[in-house]
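Reader: I'm new to this one and would like to take it slowly. Could you give me a close look at just one part, the places where the pieces touch?

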Amino acid sequence: MQSFIGQHILSVNQFDREAVERVFAVADTMAPYANREKRTTVLQGAILGNLFFEASTRTRVSFGTAFNLLGGEVRETTGMSTSALAKGESLYDTARVLSGYSDIIAMRHPHAGSVSEFSEGSRVPVINGGDGANEHPTQALLDLYTIAKERASYGQSIDKLHIAMIGDLKFGRTVHSLAKMLTHFDNVKFTLISPTELSMPQSICDIIENKGHQLVISDQLEGIVEADICYQTRIQEERFPSQEEANKYRGKFRLNQQIYTQHFKSQTVIMHPLPRDSRAEANELDNDLNKNPNLAIFRQTDNGVLVRMALFALTLGVADKISDFDRPVHWYSNKSN
Amino acid sequence: MQSFIGQHILSVNQFDREAVERVFAVADTMAPYANREKRTTVLQGAILGNLFFEASTRTRVSFGTAFNLLGGEVRETTGMSTSALAKGESLYDTARVLSGYSDIIAMRHPHAGSVSEFSEGSRVPVINGGDGANEHPTQALLDLYTIAKERASYGQSIDKLHIAMIGDLKFGRTVHSLAKMLTHFDNVKFTLISPTELSMPQSICDIIENKGHQLVISDQLEGIVEADICYQTRIQEERFPSQEEANKYRGKFRLNQQIYTQHFKSQTVIMHPLPRDSRAEANELDNDLNKNPNLAIFRQTDNGVLVRMALFALTLGVADKISDFDRPVHWYSNKSN
Amino acid sequence: MQSFIGQHILSVNQFDREAVERVFAVADTMAPYANREKRTTVLQGAILGNLFFEASTRTRVSFGTAFNLLGGEVRETTGMSTSALAKGESLYDTARVLSGYSDIIAMRHPHAGSVSEFSEGSRVPVINGGDGANEHPTQALLDLYTIAKERASYGQSIDKLHIAMIGDLKFGRTVHSLAKMLTHFDNVKFTLISPTELSMPQSICDIIENKGHQLVISDQLEGIVEADICYQTRIQEERFPSQEEANKYRGKFRLNQQIYTQHFKSQTVIMHPLPRDSRAEANELDNDLNKNPNLAIFRQTDNGVLVRMALFALTLGVADKISDFDRPVHWYSNKSN
C-alpha cells in the first residue's frame with residue numbers, strides 16, 4: 001500500500017508491515033485528541049456516511065466518534081429492512097447514491113463481499129466495518145495496535161512475540177485476521193489452543209509456517225504459560241451440537257484470575273474482541289479479572305478509536321495536518337489520567 | 001451536592017434546595033441560546049453519548065438538542081435488541097467501552113437501577129434519562145423549573161405554593177419525584193386527587209408531612225379550586241381491571257376548559273408530563289385548553305432543554321464560560337418572540 | 001410565493017415559475033460546497049429536526065447532508081412505533097414539542113396530509129419529505145432541477161421540452177408532481193406511456209391541456225423516439241392482479257440499451273425516481289444503461305442535495321449570505337472531477 005489517500009480499506013490483505021506501521025504512527029498522534037488534552041478542527045465540515053446495514057452499536061459509535069474527534073460530522077443509517085437494498089436495489093446503485101452524500105463511508109453489511117462490491121460504485125473512500133464472516137480489518141488493526149502498545153510498555157516490539165489464541169479458532173474472523181497481520185513481523189510464536197473441532201483453518205496455519213513463524217497447536221490450556229499475549233475468543237453457543245457439549249467446552253477454556261495465576265507468567269496481557277458474555281453459564285473471561293492490570297480488553301476498544309481516526313486521516317489525506325488545526329479543550333475531562 | 005463537575009446525575013435524591021437553585025440559575029442563562037438570540041461554541045468538539053436502550057423520541061432529542069446548543073456533537077443509539085447487552089454483556093463492560101467514545105453520557109434503560117449500575121463502569125459523567133419505574137431526574141427538574149418560572153411571572157417563589165396533583169399518583173414516577181423535590185421548599189400545600197386505588201404511596205406522603213408541609217387527600221376534583229398549579233398525569237389504561245373501570249375513572253378526572261373555569265382560580269397553571277393522549281376516549285387534558293394561556297405543557301418541554309443544557313454545563317465545568325464563546329446567529333428565527 | 005423566509009414547504013402547488021427559478025438559482029450556488037471546492041459555516045449552530053416517521057434512508061440522509069453542508073447540526077428520529085404518536089398524541093402536540101428542539105424540520109410521515117397538519121403546530125419552518133400518497137415536493141423539485149440542468153448542457157431551457165413519462169402513471173406521486181410543475185413553463189410536450197389501467201389521472205391531464213401544453217397518450221413504448229427526457233417509473237408489483245399480469249407489463253415497458261438505441265434519439269436523457277429494482281425479474285432500467293452518459297439517475301440524487309440546501313437556505317433567510325462564511329476544504333476529495 002503506497003499511499004492511503006483516496007483508497008478503500010477493505011481487507012487486512014491490503015496491509016504489509018510498512019502500511020501497518022504507518023497507520024500505527026498516525027494512531028499514536030491521535031491520543032492527545034482522544035484524551036482531551038486538545039482537539040482539532042481539521043475535518044470540520046466533512047461528512048462521514050456511517051452505513052450499518054447490520055447493527056453493531058459499538059463499532060458504529062466508535063467510527064462516528066473517531067470522525068467527530070477529527071472535527072467532522074456523521075450521517076448514519078442502521079439496519080437493512082427499510083433500505084432500498086430490501087426493495088431490490090443493487091449495491092452498485094446504493095453506493096452511487098449514498099456516496100453523493102458524504103466524503104467517506106464506513107460500512108457494515110451482513111453478507112461476505114458486499115462492502116467490496118459496494119466500493120466499486122462508491123465515489124468516495126469506503127472503510128469496511130465488517131462484512132459478515134469475511135473481513136473486519138479495523139478490528140484486526142486495533143488488536144495489533146494494542147499488542148504493539150502493550151509490548152512497547154515493556155520495551156519490546158511485535159517481533160519475537162509469543163501469542164496464545166484460545167477458544168473458537170475455526171469461525172472467529174478476528175483471530176484469522178490478526179494471525180495474518182502478525183505474520184508480517186519477525187519470529188512470532190503462535191500457540192493455538194482449541195477443541196479439535198474448532199481449530200484454526202489449515203490455510204491460516206500454512207501462512208504462519210510458510211513465513212517461518214513457530215506454531216504450536218494444542219487442545220489444553222496448560223500450554224500457554226510462556227505467552228506474552230493471551231487472546232481469548234468469544235464462545236458462540238450455536239457452534240456446538242448440544243448444550244452439554246457447550247458446557248464441556250467452557251469447562252476447559254474459560255479464564256479467571258485463579259487460572260491466570262496458575263498458568264500464566266505475571267506479565268501476560270489478556271485480550272478479547274468483546275463483547276464478553278458475563279452470564280455465569282458462559283463466562284469466557286471472568287469479572288474477577290477486572291482488577292488485573294494486564295486485562296487489556298478496554299484498552300483495545302479505546303485503541304479502536306485511535307486506529308479509526310488514523311484511517312480516516314490517512315485516506316482523506318490530512319494525517320500530517322491534524323495539529324495545524326489544534327484548539328484547546330474547555331470542558332472537564334479526566335480522560336488523560 | 002457541593003460541586004457538579006465530573007458527577008453523575010442519577011437521582012432526585014442528590015438535589016437539595018441549594019443544588020436545585022444552582023441548576024435553575026444556570027438554566028436561566030441558557031434561554032438566549034435556546035431562543036436563538038445568540039449561540040455558543042463552548043463545547044465545540046465535545047461528544048455526548050446519547051444512549052437510549054429504551055426508545056423515547058422526545059427525551060432523546062431534547063438531550064441531543066441541549067448538547068448541540070452548547071456547540072457539541074452527539075453520537076446516539078436507540079433500542080436494546082441489537083446491543084451487546086442482549087448478548088449477555090454486563091452493564092459494567094458496556095459502560096467501560098462506551099464511555100471511551102464520549103465526554104458525557106445521557107442514558108435511558110428500561111430496568112430500575114440500570115443507569116446507576118452503568119455509571120459505576122463509566123469513565124465520564126452519566127445523566128439518568130429514565131431507568132424504568134425508578135428515576136427520571138431531568139423530568140423532575142424541568143417540572144420544578146417550570147413551576148419556578150411560572151411562579152416568578154406572578155412575582156412569587158416556590159415557597160408557599162399550593163399544588164394539586166391529579167390522576168394516577170400511585171404509579172406515576174413523575175409526581176413522586178416532583179413531590180420529593182418540592183419538600184425542599186417552605187410551606188408547600190399538596191392536594192392529592194386520585195381514585196383510592198391509585199393514591200400517592202405512603203412513603204411520599206410521609207416525606208411531605210415530616211418536612212412540615214400541608215397535605216390534603218381527596219378522590220374528588222372539587223378540592224383544587226385554590227391551587228396555583230394543577231399537575232395532571234397521564235391516564236394509563238393498563239392500570240385498570242376493565243375498560244369500564246377506566247372509563248369511570250376518566251369521567252371523574254379529565255380536564256377541559258369548562259371544568260377549568262368551574263373549578264380553578266383564574267391563574268391556575270396547568271401542567272402535564274406529556275405526551276397527552278388526544279384520542280376522545282382518553283383525553284385527560286382536552287385540546288380546548290390549548291388557547292388557555294395558563295396551559296404550561298409546552299413551556300415544560302421547552303424548559304427541559306434549558307435544564308439539560310444546565311446539567312451538561314455544570315457537570316462538564318463550563319457553566320461560567322458559556323458566554324466567552326458567544327457567536328451571532330445568522331439565520332431566521334422567531335423563537336425569541 | 002413572495003418570500004421563502006420562515007415559510008413551510010408542503011406542496012408543489014406553492015411553487016409558480018418564479019419561485020421555481022429562485023430555488024434553482026440558489027441551488028446553482030450550492031454546487032461548489034457539495035463538490036468540496038469550499039465549505040461554509042453559515043448555519044453553524046443551527047439544528048435540523050430530521051423527523052422520519054416513515055423510514056426512507058436516502059431522503060433522510062440527503063436532507064441531513066444538505067444541512068451539514070451548510071454548517072448545521074442534525075437531530076433525527078426514524079419510525080413511528082416508539083413515538084408518542086403511537087400513544088395517541090396528536091400531530092399538533094408532537095409539533096409543538098419537537099419544534100422546540102430545532103430551527104427547522106424536515107418530515108416524512110406515512111399518512112397523506114399529516115405534514116401539513118403537523119406544520120400548524122410547529123413554531124419553525126417545516127419541509128415536507130413525503131406524506132404518503134400525497135406530496136413529496138423536494139423530489140419534484142430535484143427532478144425538475146435535473147431537467148433544467150440537462151437541458152442547459154445542450155443550451156436549452158425547460159420551455160419547448162418534450163418529456164415522455166413511462167410506466168405506472170396512475171399511482172406514481174412523482175410523475176404527478178413533476179407534470180404539474182412543468183405546466184408552469186411554455187410549450188411542453190407530454191408523451192404519457194402506460195398500460196391503460198395505469199394511465200395518468202384525468203385531473204393531471206386537464207391541468208396540462210388547460211395550460212395549453214401538448215399531450216399524447218399511448219400504451220406503446222414506440223411513441224417516444226423524439227423525447228428529450230424519458231422519465232421511467234418504478235414498477236410496483238402490488239399494483240397488478242397477478243404475477244402473470246406484472247410480467248406482461250414488464251415485457252412491454254422495461255428499458256435497456258438495445259431498446260434505447262432502437263427507440264430514442266441519441267441525446268435523450270433517462271431519468272428515474274430511484275430506487276430501481278435491479279433483480280432480473282423486475283429490471284425497469286437495465287444495468288447495461290450504466291455506461292450511457294445520458295443516464296441521469298445519479299445526477300438526480302446529487303441534485304437533490306443542492307435543491308434541499310437551497311430550500312434550507314431560503315426558508316432560514318441565509319441564501320444571500322452563504323459565501324460570507326466560506327472556509328477552505330483541507331481534505332482529499334475528487335467530487336469536483
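Author: Let's start with the word everything hangs on: two residues are in contact when heavy atoms of theirs lie within 4.5 Å of each other. Keep in mind that what you're looking at is a predicted model.

Take chain B and chain C to begin with. Turn chain B by 120 degrees, with 0.0 Å of shift along the axis, and it lands on chain C with an RMSD of 0.0 Å. That is the relation of a three-fold axis. If you want a landmark for that axis, go to B:Glu73: of the residues of chain B it comes closest, with its C-alpha at 4.7 Å.

Now for the contact itself. Only 9% of the interface residues of chain B are also interface residues in chain C, so these copies meet through different surfaces. Counting by residues, 34 of chain B are in contact with 37 of chain C. Together the two chains bury about 3200 Å², and carbon and sulfur atoms account for 50% of that.

What about charges? There are 5 salt bridges between chain B and chain C. In one between B:Asp302 and C:Arg123, the closest N and O atoms are 2.7 Å apart. On top of that, you'll find 16 residue pairs in polar contact across this interface, counting pairs with both residues at pLDDT 80 or more. On the chain B side, the elements that put in two or more residues are α2 (57–69), β3 (73–78) and α10 (297–315). Of these, α2(B) gives the most, with 9 residues. Sort that side of chain B by class and you get 10 nonpolar, 12 polar and 12 charged residues.

Next, hop over to chain A and chain C. Here too, a rotation of 120 degrees with 0.0 Å of shift along its axis does the job, placing chain A on chain C at an RMSD of 0.0 Å. The residue of chain A that comes closest to the rotation axis is A:Glu73, at 4.7 Å by its C-alpha. Only 8% of the interface residues of chain A are also interface residues in chain C, so once again the copies meet through different surfaces.

In this interface, 37 residues come from chain A and 34 from chain C. The buried area is about 3200 Å², with 50% of it from carbon and sulfur atoms. On the chain A side, the residues that lose the most area to chain C are A:Gln44, A:Arg75 and A:Tyr101, which together make up 22% of what that side buries.

Stay with A:Arg75 for a moment. Its side chain meets that of C:Glu76 in a salt bridge at 3.8 Å, N to O. That pair counts because the rule accepts such atoms within 4 Å. In total the rule finds 5 salt bridges between chain A and chain C, alongside 16 residue pairs in polar contact with both residues at pLDDT 80 or more. The elements of chain A that give two or more residues to this side are β3 (73–78) and α3 (91–98). The largest share comes from α3(A), with 5 residues. By class, the chain A side splits into 14 nonpolar, 13 polar and 10 charged residues.

There's also a contact inside chain A. The domain assignment divides this chain into domain 1 (12–135 + 303–327) and domain 2 (138–298). Their centres, taken over C-alpha atoms, are 27 Å apart. Domain 1 puts 27 residues into the contact and domain 2 puts in 20. Between them they bury about 1900 Å², 62% of it from carbon and sulfur atoms. In domain 1, A:Arg17, A:Phe24 and A:Asn303 lose the most area to domain 2, together 32% of what that side buries.

A:Arg17 has a second role to show you: its side chain meets that of A:Asp186 in a salt bridge, 3.7 Å from N to O. The count between the two domains is 2 salt bridges, and there are 8 residue pairs in polar contact, both residues at pLDDT 80 or more. On the domain 1 side, two or more residues each come from α1 (17–34), α2 (57–69), β5 (126–131) and α10 (297–315) of chain A. That side holds 11 nonpolar, 7 polar and 9 charged residues.

Key. Residues are numbered from 1 along each chain as its sequence is written. Chains are lettered from A and ligands numbered from 1 in the order in which they are written. This is a predicted model: local features need pLDDT of at least 70, side-chain atom pairs count only at pLDDT 80 or more; totals for chains, interfaces and linings use all residues. Side-chain values use heavy atoms; hydrogens and water are left out. Domain bounds come from an automatic or database domain assignment. Buried area is the accessible area (1.4 Å probe) that two parts lose on being put together, summed over both. A polar contact is a pair of N or O atoms within 3.5 Å; within protein, one must be able to donate a hydrogen and the other to accept it, and residues adjacent in sequence count only if both atoms are side-chain atoms. Helices (H or I, at least four residues) and strands (E, at least two) are DSSP runs, numbered from the N terminus. Ala, Val, Leu, Ile, Met, Phe, Trp, Tyr, Cys and Pro count as nonpolar, Asp, Glu, Lys and Arg as charged, and the others, Gly among them, as polar. Copies are superposed by least squares on the C-alpha atoms of residues with pLDDT of at least 70 in both.
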